Amino acid sequence: MDERGADSGRATAFFAALIVLVSVLALAAPGQIQRIEREQASASPTTPATLPVVEVWLSTADRRLKLAQQHDIPMTARGSQPADVTVDLRKTYQTMVGFGAAMTDASAWLLRNKLNPAQRKALLDELYGPPPHLNFNMMRLTIGSSDFSLNVYTLDDIFFGQTDPDLKHFNIAPNLPDLVPVVQEALAINPGIRILATPWSAPAWMKVNTNVLGGELSEDDESVYADYLIKYVDAYRRHGIPIFGLSLQNEPAFQPITYPGMQMPAAQRARIIANYLGPRLAKRTPRTQILEWDHNWSHPEQPLEVLSHPDAARYVDGVAWHCYEGNPYNQGKVHRAFPDKDTYMTECSGGDWASAANGELIWFSRNLLIESIRQWARGVVYWNLALDENHGPHFGGCSLCKGVVLIDSRTGEVSRNDEYYALAHFSRFVLPDASRVQSNQPDKDLANVAFWNATDGSIVLVMVNSHKDARHIAIAEGQARFEYTMPAQSVATFVWMPDKAVGLAKRAIWWVRRAL
């Protein structure tokens with residue numbers, strides 16, 4: 001984050017005061033805003049007297065530009081002129097929950113131990129604060145350790161040969177020094193964060209191989225395992241951390257050999273959900289959602305099998321996906337079979353591997369974000385929020401993974417990776433409850449996705465030019481249009497408000513309500 005010192009503090013205070021003033025004025029006349037909205041909704045599609053101005057933010061794969069605001073583009077009357085991309089607000093798809101990253105043990109430890117309180121507050125504000133910050137409002141937690149932990153543990157570890165069916169030894173003590181406090185700090189900045197939680201392994205005593213590495217859950221302990229997950233939800237809630245969604249097992253079709261993991265076939269997942277976890281969570285208020293699968297795009301038959309089990313499907317709220325094999329079109333396949341189930345992208349990591357030698361901005365913007373959202377994802381959650389210069393700390397597993405940000409363990413300096421900017425092109429502009437709307441793609445290398453923000457009425461179009469040369473594009477919405485030349489290998493976010501005065505007032509109200 002740029003160091004702006006006292007001037008920055010005064011500017012922030014002035015901006016906050018101005019927002020509050022605008023909010024009060026807007027709140028004084030809510031009927032006026034509602035009247036304008038009703039008129040807009042019922043108006044015929046004629047060209048407005050004053051056409052909107054389009055704001056543009058641009059990033060390039062060569063890192064010359066990083067979410068840099070460009071000159072505004074005046075819209076013109078569309079008339080009979082053609083357009084490469086047409087945004088149609090009349091056709092809507094899923095509403096968005098948000099964007100974020102996993103607060104792994106490694107990320108929390110770095111934030112708590114390699115940054116001083118002022119540095120940590122500044123970085124958390126940058127990541128979770130409202131626009132113009134990144135506005136992250138989703139987070140994934142691991143239930144027990146993962147490959148990005150400093151050691152191996154579960155939340156009910158006992159001596160070998162013992163069992164604990166009543167979970168008397170359950171505790172979240174390993175999370176109290178770093179993870180719980182830093183999540184609480186993030187929630188203080190953005191109380192609306194939706195938190196997903198996933199176990200990498202059951203306690204060893206519940207498993208057939210009595211080991212947290214590999215193996216399967218004992219069928220005799222399926223009920224206890226459901227209780228284990230519920231105790232986790234309760235323990236975190238007591239610390240002011242609400243769990244929005246649970247999945248039964250991270251990557252249940254994979255058995256790692258260097259870090260905790262557990263294979264859990266679809267039949268077993270369906271049985272646990274139908275007989276134990278689903279009925280028990282259904283009795284609770286607020287009810288924590290259940291997400292199925294939490295593994296790669298490459299095996300849609302796995303969630304389809306669970307959702308085909310009627311007693312399990314009634315309790316499943318959505319399907320979680322990872323990006324490491326296959327393609328996002330399988331998200332659409334499952335959605336079309338079960339359109340009442342939500343879709344989330346819950347894990348994807350960049351890294352310093354050969355394929356990333358030229359950067360990862362384009363791949364993540366196009367594949368992880370645009371295509372995943374076009375295939376019904378309501379939220380996109382990257383893997384580690386923060387890692388150090390050695391791709392850690394980690395315990396086995398991925399040795400080249402990158403976080404959204406890099407925290408230098410020697411100096412505390414923070415640098416931002418390509419994934420930071422890919423996510424920011426969405427999270428800063430696509431607000432919670434935004435609707436994805438129709439937009440055509442002129443070719444596969446000019447990928448795009450469009451949204452309408454219910455919060456302020458703004459329209460957002462994110463576009464990726466994967467071509468190795470610049471491309472001139474014409475974009476139309478309603479009776480207005482604009483043109484823009486996208487540089488080679490670039491990502492652009494376009495934002496416009498059909499009624500800017502009403503939109504800014506509504507955005508001010510949202511900002512103040514979120515801050516309260």
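Two rings of Phe, Tyr or Trp count as an aromatic pair if their centres lie within 6.5 Å. Keep that handy for the first exercise; and note that the model here is a predicted one.

**Exercise 1. Aromatic pairs**

Find how many aromatic pairs the structure holds, then classify the pair of phenylalanine 244 and tyrosine 344 and place both rings.

*Solution.*

Step 1. The count of aromatic pairs is 17.

Step 2. For phenylalanine 244 and tyrosine 344, the ring centres are 6.5 Å apart and the planes stand at 80 degrees, so this pair is edge-to-face. The cut-off used here is an angle over 60 degrees.

Step 3. Now for the location. Phenylalanine 244 is in the loop between α6 (222-238) and β9 (245-247), while tyrosine 344 belongs to strand β12 (residues 342-347), so the contact ties together parts 100 residues apart in sequence.

Step 4. Buried or exposed? Phenylalanine 244 has a relative accessible area of 14%, which makes it buried. Tyrosine 344 is buried too, at 0% relative accessibility.

**Exercise 2. A pair across two strands**

Do the same for phenylalanine 482 and tryptophan 496, and say which cluster they belong to.

*Solution.*

Step 1. Geometry: phenylalanine 482 and tryptophan 496 are 5.5 Å apart centre to centre, with 70 degrees between the planes, and the pair is edge-to-face.

Step 2. Phenylalanine 482 sits in strand β21 (residues 480-486) and tryptophan 496 in strand β22 (residues 490-496), so the pair links parts that are 14 residues apart in sequence.

Step 3. Phenylalanine 482 is buried at 2% relative accessible area, and tryptophan 496 is buried at 1%.

Step 4. Widen the view a bit: Phe482, Tyr484, Phe494 and Trp496 make up one aromatic cluster.

**Exercise 3. Salt bridges**

Count the salt bridges, then work out what the one between arginine 120 and glutamate 185 ties together.

*Solution.*

Step 1. There are 22 salt bridges in the structure.

Step 2. In the bridge of arginine 120 with glutamate 185, the closest N and O atoms are 3.0 Å apart.

Step 3. Arginine 120 lies in helix α4 (residues 117-128) and glutamate 185 in helix α5 (residues 179-189), so the bridge ties together parts 65 residues apart in sequence.

Step 4. Arginine 120 is buried, with a relative accessible area of 8%, whereas glutamate 185 is partly exposed at 23%.

Step 5. Add Arg112 and you've got a network of salt bridges that links Arg112, Arg120 and Glu185.

Step 6. Two further bridges to check: lysine 341 meets aspartate 340 at 3.8 Å, N to O, and aspartate 469 meets arginine 471 at 3.1 Å. Lysine 341 counts as buried at 10% relative accessibility, but aspartate 340 is exposed at 58%. Aspartate 469 is partly exposed at 38%, and arginine 471 is partly exposed at 27%.

**Exercise 4. Backbone oddities**

Most residues other than glycine have a negative phi, and most peptide bonds are trans. Which peptide bonds to proline 286 and proline 393 break the pattern, and what is the phi of tryptophan 293 and of aspartate 294?

*Solution.*

Step 1. The bond from threonine 285 to proline 286 is cis, with omega near -5 degrees. Proline 286 falls in the loop between α7 (266-282) and β10 (289-296).

Step 2. The bond joining glycine 392 and proline 393 is also cis, with omega about 5 degrees. Proline 393 is in the loop between β14 (386-387) and β15 (405-407).

Step 3. Tryptophan 293 isn't a glycine, yet has a positive phi of about 80 degrees. Aspartate 294 has a positive phi of about 65 degrees.

Step 4. Strand β10 holds tryptophan 293 and aspartate 294. Tryptophan 293 is buried at 2% relative accessible area, and aspartate 294 is buried at 1%.

**Exercise 5. Helix α12 and charges over rings**

Decide how covered helix α12 is, then find the charged ends that sit over tyrosine 420 and tryptophan 376.

*Solution.*

Step 1. Helix α12 (residues 418-427) is mostly covered, with 10 of its 10 residues buried. Among them are Asp418, Tyr420, His425 and Phe426.

Step 2. Over the ring of tyrosine 420 sits the charged end of arginine 416, 5.9 Å from the ring centre.

Step 3. For tryptophan 376, the charged end over the ring comes from arginine 436, at 5.3 Å from the centre.

Note on methods:
Residues numbered from 1 in each chain as written. Predicted model: local features only at pLDDT ≥ 70, side-chain atom pairs only at ≥ 80, totals over all residues. Heavy atoms only, no water. Buried < 20%, exposed > 50% of the residue type's maximum accessible area, 1.4 Å probe, protein only. Helix = DSSP H or I, 4+ residues; strand = E, 2+ residues; numbered from the N terminus. Salt bridge = Lys/Arg side-chain N within 4 Å of Asp/Glu carboxyl O. Phe/Tyr/Trp six-rings, centres within 6.5 Å; stacked < 30°, edge-to-face > 60°. Lys NZ or Arg CZ within 6 Å of the ring centre and 35° of its normal.
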